[in-house]
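Trainee: I have not read a model of this kind before, and I would like to go through it feature by feature. Could you show me how to begin?

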Amino acid sequence: MARVASALFSRLVIIIPYAWLLFFFLIPFFIVFRISLSQTAVAMPPYTPVFDLLGGVSGIIEKAREFSFDNYVWLTEDVLYFNAYVSSVMIAAVSTFLTLLIAYPVAYGMAKAPKTIRPTLLMLVILPFWTSFLIRVYAWIAILKPEGLLNQFLLSIGVIGQPLIILNTNWAIYIGIVYSYLPFMVLPIYSSLEKMDHTLTEAALDLGCTPFSAFWRVTFPLSLAGVVAGCLLVFIPAVGEFVIPDLLGGSETLMIGKTLWNEFNANRDWPVSSAVATILLLILVLPIVYFQNAQAKADGEGR
Amino acid sequence: MGNWSRFNIASIVLGFGFLYLPIVLLVIFSFNESKLVTVWAGFSTKWYAQLWHNQALLDAAWVTIRVALLSATCATVLGTLAALALVRYTRFRGRMLFSGMVYAPLVMPEVITGLSLLLLFVAIGLDRGFWTITLAHITFTMCFVAVVVQSRLLSFDQSIEEAALDLGATPVRTFFAITLPVIAPAVFSGWVLAFTLSLDDLVISSFTTGPGATTLPMKIYSQVRLGVTPEINAICTILIGVVAIGVVVASIVTKQREAQRDRDERAAFAQT
């Protein structure tokens with residue numbers, strides 16, 4: 001009896017979340033892919049019917065004949081989409097690099113801080129993550145505007161003669177991404193630096209390394225797992241970012257998340273937005289699988 | 001770890017300044033007398049008073065809070081189960097796929113999650129609105145809960161559980177008597193995280209919403225597109241305040257429980 005209950009309990013623990021994620025996370029991707037192969041129609045929902053299960057096997061085969069790659073052909077014909085993919089990846093890559101440059105010294109300083117204040121510093125890094133993403137992006141508009149706070153400040157101390165144009169350029173997007181995703185980069189780097197055996201650096205210094213080369217040849221390689229995790233946590237969502245390019249970027253800024261949003265909301269073209277999403281997913285599938293493996297490995301080590 | 005150099009302190013101060021300055025400025029300018037958010041014209045709370053007369057905004061806030069309470073609670077149950085499945089049962093068929101599905105939503109661009117959930121809801125003929133937003137929020141926040149709870153479970157001494165099972169407790173009883181009390185702080189912070197993620201979400205809500213269900217971020221977004229106003233600063237300040245109080249309370253509760261546990265453990269050791 002107890003054994004039956006035990007088996008049932010362990011089954012349920014696995015099955016309930018498993019079934020939920022299968023239904024609400026995995027299956028939807030197949031629907032996206034399927035709809036990307038259908039035609040736009042003036043109806044609600046705005047695409048030709050997808051499945052006709054009542055028609056049996058022959059009905060499914062019949063439907064399969066109607067699969068069309070028109071939407072994908074359309075994506076290759078209009079150079080706008082290609083440019084949007086390329087510029088999304090470029091912007092995400094530059095932003096990830098900038099985030100790393102800023103986050104590493106912060107994480108390094110935190111790991112070197114006295115043990116007593118480390119929990120407070122950690123709390124301070126996590127706190128902005130809890131405040132709204134939208135609000136934090138919005139806060140930058142007032143700062144970066146031509147008559148905004150940054151320009152007022154720089155003009156008053158005489159560094160610049162006339163206002164800098166930052167808002168609605170790619171620079172504003174870089175700032176927005178670096179700012180929004182900074183905690184995601186700091187936390188994994190900090191946790192790998194904190195775990196590190198400090199005597200290794202001391203040994204390198206004792207053996208005549210300069211502080212810089214001790215850092216570059218001992219500390220940095222040992223923190224690489226954290227750096228990689230942080231970069232993936234920033235890069236992957238940044239490629240598909242919508243809010244930041246929409247609020248801080250200009251009209252000429254092309255990012256695929258914004259293209260998808262417009263295709264869906266303004267043009268109401270669901271099949272084309274599905275095709276855009278499918279290709280975006282294909283671009284990101286390698287980094288995502290890499291991230292999952294890194295994460296699973298980290299859990300294994302924690303045991 | 002070694003000495004805390006001037007460079008370390010400077011990078012921390014600059015890093016935290018960068019993180020906090022924009023939020024501080026936003027809060028300051030919510031108390032600005034002038035309609036301009038960039039020129040200070042004196043202290044005033046009139047923008048807050050105006051919020052109370054904005055019925056559409058209050059309705060949106062109410063929808064958002066209901067979605068967040070409901071979805072965070074369901075996500076906490078599902079996320080805790082997922083964490084248990086990942087940590088306790090290292091071997092079951094399809095475990096790779098399962099762990100993949102738990103980690104992928106953490107980095108998945110929101111536009112993809114939002115679009116795919118919408119197409120699912122349309123395919124199964126669900127009316128879009130309050131319930132579809134809630135289901136969508138449960139799905140993406142449960143994975144964050146799972147990661148938070150999982151890290152606590154990994155540092156958990158399993159021998160206590162094994163002792164309870166050896167002494168004849170059923171797995172269900174063991175879970176509620178032993179495991180849950182120990183991981184409770186992590187479960188609670190998972191809930192708070194799910195709640196704030198739901199409260200903040202714009203993109204997934206926009207895709208999965210229907211007529212009559214407008215959330216606060218959607219409302220804020222539509223106003224932000226028209227320009228920066230002190231009124232939006234005021235809403236944002238209230239939201240930041242609510243979240244900050246929630247997080248501080250959560251961390252105090254967690255600390256107290258951990259301190260209590262440490263005391264109990266020490267007392268137990270002292271007796272043996």
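Mentor: We will go from the confidence scores to the chains, then to their helices, their contact and a few single residues.

Trainee: What should I know about numbering and about the kind of model this is?

Mentor: Residues are numbered from 1 along each chain as its sequence is written, while chains are lettered from A and ligands numbered from 1 in the order in which they are written. This is a predicted model, in which local features need pLDDT of at least 70 and side-chain atom pairs count only at pLDDT 80 or more, whereas totals for chains, interfaces and linings use all residues.

Trainee: How is pLDDT read, and what does chain B average?

Mentor: The term pLDDT stands for the predictor's confidence in each residue, from 0 to 100. Where pLDDT is low, the predicted coordinates should not be read in detail. Chain B averages 86, and 97% of the residues score at least 70; the model as a whole scores ipTM 0.85 and pTM 0.86.

Trainee: Which elements of secondary structure make up the two chains?

Mentor: Helices (H or I, at least four residues) and strands (E, at least two) are DSSP runs, numbered from the N terminus. Chain A has 14 helices and zero strands, and chain B has 11 helices and zero strands. The C-alpha trace of chain B spans about 70 × 60 × 35 Å along its principal axes.

Trainee: What share of each chain counts as buried?

Mentor: A residue is buried if 20 or more other C-beta atoms lie within 10 Å of its own, exposed if 12 or fewer, and partly exposed in between, with C-beta atoms placed from the backbone. By that rule 44% of the 303 residues of chain A count as buried, and 44% of the 272 residues of chain B do.

Trainee: How do I read contacts, and how many residues does each chain bring to the contact between chains?

Mentor: Two residues are in contact if their C-beta atoms, placed from the backbone, lie within 7 Å. Chain B brings 66 residues and chain A brings 83 residues. Helix 1 of chain B gives the most to the side of chain B that touches chain A, with 12 residues. That side divides into 51 nonpolar, 13 polar and two charged residues, where Ala, Val, Leu, Ile, Met, Phe, Trp, Tyr, Cys and Pro count as nonpolar, Asp, Glu, Lys and Arg as charged, and the others, Gly among them, as polar.

Trainee: Which residues have the most contacts inside the largest nonpolar core?

Mentor: A nonpolar core is a set of buried Ala, Val, Leu, Ile, Met, Phe, Trp, Tyr and Cys residues joined through C-beta atoms within 7 Å. The largest one has 161 residues, and those with the most contacts inside it are A:Ala107, A:Tyr138, A:Val186 and B:Leu115. Leaving aside neighbours within four places in sequence, B:Leu115 is in contact with residues that include A:Val32, A:Leu260, A:Phe264 and B:Phe207.

Trainee: How can I tell whether a helix is straight or bent?

Mentor: One check is the expected span, which is 1.5 Å times one less than the number of residues, and another is the bend at a residue, the angle between axes fitted to the seven residues ending there and the seven starting there. In helix 8 of chain B, which has 30 residues, the end C-alpha atoms are only 37 Å apart, short of the 44 Å that a straight helix would reach. A kink of about 60° lies there at B:Ala184, shortly before the proline B:Pro185. For the 24 residues of helix 1 of chain B the expected span is 34 Å, and the end C-alpha atoms are 33 Å apart, which agrees. Helix 1 of chain B nevertheless bends by about 35° at B:Tyr20, and the proline B:Pro22 follows within four residues. Among the buried residues of this helix are B:Ile12, B:Leu19 and B:Pro22.

Trainee: Where does A:Asn168 lie, and what is its phi?

Mentor: Most residues other than glycine have a negative phi. A:Asn168 has a phi near 65°, a positive value, and lies in the loop between helix 7 (149-156) and helix 8 (170-195) of chain A. A:Asn168 counts as partly exposed because it has 19 C-beta neighbours inside 10 Å.

Trainee: Is B:Phe144 buried or partly exposed?

Mentor: B:Phe144, in helix 6 of chain B, has 19 C-beta neighbours inside 10 Å and so counts as partly exposed. Its C-alpha atom is 7.1 Å from that of B:Gly190, although the two are 46 residues apart in sequence.
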